[in-house]
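Subject: A structure for you to look at

Dear colleague,

I am passing on a structure that I would like you to open and turn around while you read, and below it I have written down what was found. Please keep the sequence beside you as you go.

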Amino acid sequence: MFYENNENPLLSFTAPNPSEDASESIDEELQKETNEEDSDGSVTINVNGKYIHCLTIIGQVEGHYTLPTTTKTTKYEHIIPRIVAIEENKDVSGLLLILNTIGGDIEAGLAIAELISGMSKPTVSIVLGGGHSIGIPLAVSTKKSFIVPSASMTVHPVRMNGLVLGVPQTMSYLKKMEERVVGFIVRNSKVQSDRFRQLMLNSDELISDFGTVLLGEDAVKEGLIDSVGSLSDALKCLDDMTNQQNLLKEQDFKF
């Protein structure tokens, strides 16, 4: 919070003093701001005196069409307003994005990824289990990304479900969609465009499709993910980033 020092008219920055009850109240506030009736598994935690919100992307990213009730999904209409609420909530210092997803709707995934990449607060992602398909843009959307050694990421070309017309317009649409995905990944990671396309069109690994499966260390070597690490590494990185941001805020109010 900011307060006015009576002895010195300058503004100063002071970190909040979080408690378990305070974290729960922030969760309730975020849930109220996003008009959610049920919890989506997200939680706000206290990391060395700072509020960090943990947001989970699990199962399949659901887009404009409702998936069967037997499918574990992450609904973009729930995630998007929560990201906005986190960005605007002055008590939340940073975002930890936890991923275990098989992919899903491209436009919904890109919408979430673009919002996260545009946040001013510190953001860190960690891939657990899998960060496949559209999970890759989500993983690289944060300012720092981690992957556990046992996790994997599947890179493959854009697919379409349902009736597909074999006309030039369909191929043009798929190419434009692919450009959107590849462009975002290249802008937000260290992988090169040509290399990523090679991984997408690899025909030696997947039985019925083109693509490449990258394990934890392979994803780092290819430049998709920043580091191999665990949950504690991701939290430590986020703590360092929030400390640095707080230091910059303090310096902004000093002559």
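Before anything else, a word on terms: a residue is called buried when its relative accessible area is under 20%, exposed when that area is over 50%, and partly exposed when it falls in between. By that rule Arg 197, with a relative accessible area of 22%, is partly exposed. Please also bear in mind throughout that this is a predicted model.

Salt bridges

As background, side chains of opposite charge can pair when their charged atoms come close. How many salt bridges does a search of the whole structure find? The search finds nine, and I describe some of them here.

One of them joins Asp 239 to Lys 50, with 2.7 Å between the closest N and O atoms. Asp 239 belongs to helix α8, which covers residues 231-252, while Lys 50 belongs to strand β4, which covers residues 50-62, so this pair ties together parts of the chain that are 189 residues apart in sequence. Are the two partners buried or exposed? Asp 239 has a relative accessible area of 7% and is therefore buried, and Lys 50, at 5%, is buried as well.

A salt bridge is also formed by the side chains of Glu 179 and Arg 197, at 3.0 Å from N to O. This pair links distant parts of the chain, since Glu 179 sits in helix α5 (residues 168-187) and Arg 197 in helix α6, 18 residues apart. Glu 179 has a relative accessible area of 39%, so it counts as partly exposed, and, as said above, Arg 197 is partly exposed too. When you look at this region, please include Glu 178, because Glu 178, Glu 179 and Arg 197 are linked in a network of salt bridges.

Within helix α8 you will find Lys 236 and Asp 240, which are four residues apart, about one turn of the helix. Their side chains meet in a salt bridge of 2.8 Å, N to O. Lys 236 is partly exposed, with a relative accessible area of 48%, and Asp 240 likewise counts as partly exposed, at 38% relative accessibility.

A charged patch on the surface

Which residues form a negative surface patch? They are Asp 204, Glu 205, Glu 217 and Asp 218. Asp 204 is found in the loop that runs between α6 (193-200) and β10 (212-215), and with a relative accessibility of 70% it counts as exposed.

Two buried residues in strands

Val 127 is part of strand β7, made up of residues 123-131, and its relative accessibility of 0% places it among the buried residues. Leaving out residues up to four places away in sequence, Val 127 touches Leu 99, Ala 139, Phe 146, Ile 147, Val 148, Ala 151 and Met 153. Of these, Ile 147 is 20 residues from Val 127 in sequence, yet the two lie 4.6 Å apart in space, C-alpha to C-alpha.

Ser 145 lies in strand β8, residues 144-147, and is buried, with a relative accessible area of 2%. Its contacts, not counting neighbours within four places in sequence, are Ser 125, Ala 139, Leu 224, Ile 225, Asp 226 and Ser 227. Ala 139 is thus worth selecting in your viewer, as it touches Val 127 and is also in contact with Ser 145.

With best wishes

Note on methods:
Residues numbered from 1 in each chain as written. Predicted model: local features only at pLDDT ≥ 70, side-chain atom pairs only at ≥ 80, totals over all residues. Heavy atoms only, no water. Patch = residues over 30% accessible without salt bridge, like charges linked within 9 Å, V, L, I, M, F, W, Y side chains within 5 Å. Areas by Shrake-Rupley, 256 points an atom, 1.4 Å probe, with all protein chains shown as cover. Salt bridge = Lys/Arg side-chain N within 4 Å of Asp/Glu carboxyl O. Lys, Arg positive; Asp, Glu negative; His and termini not counted. Charge placed at Lys NZ, Arg CZ, Asp CG, Glu CD. Buried < 20%, exposed > 50% of the residue type's maximum accessible area, 1.4 Å probe, protein only. Contact = heavy atoms within 4.5 Å.
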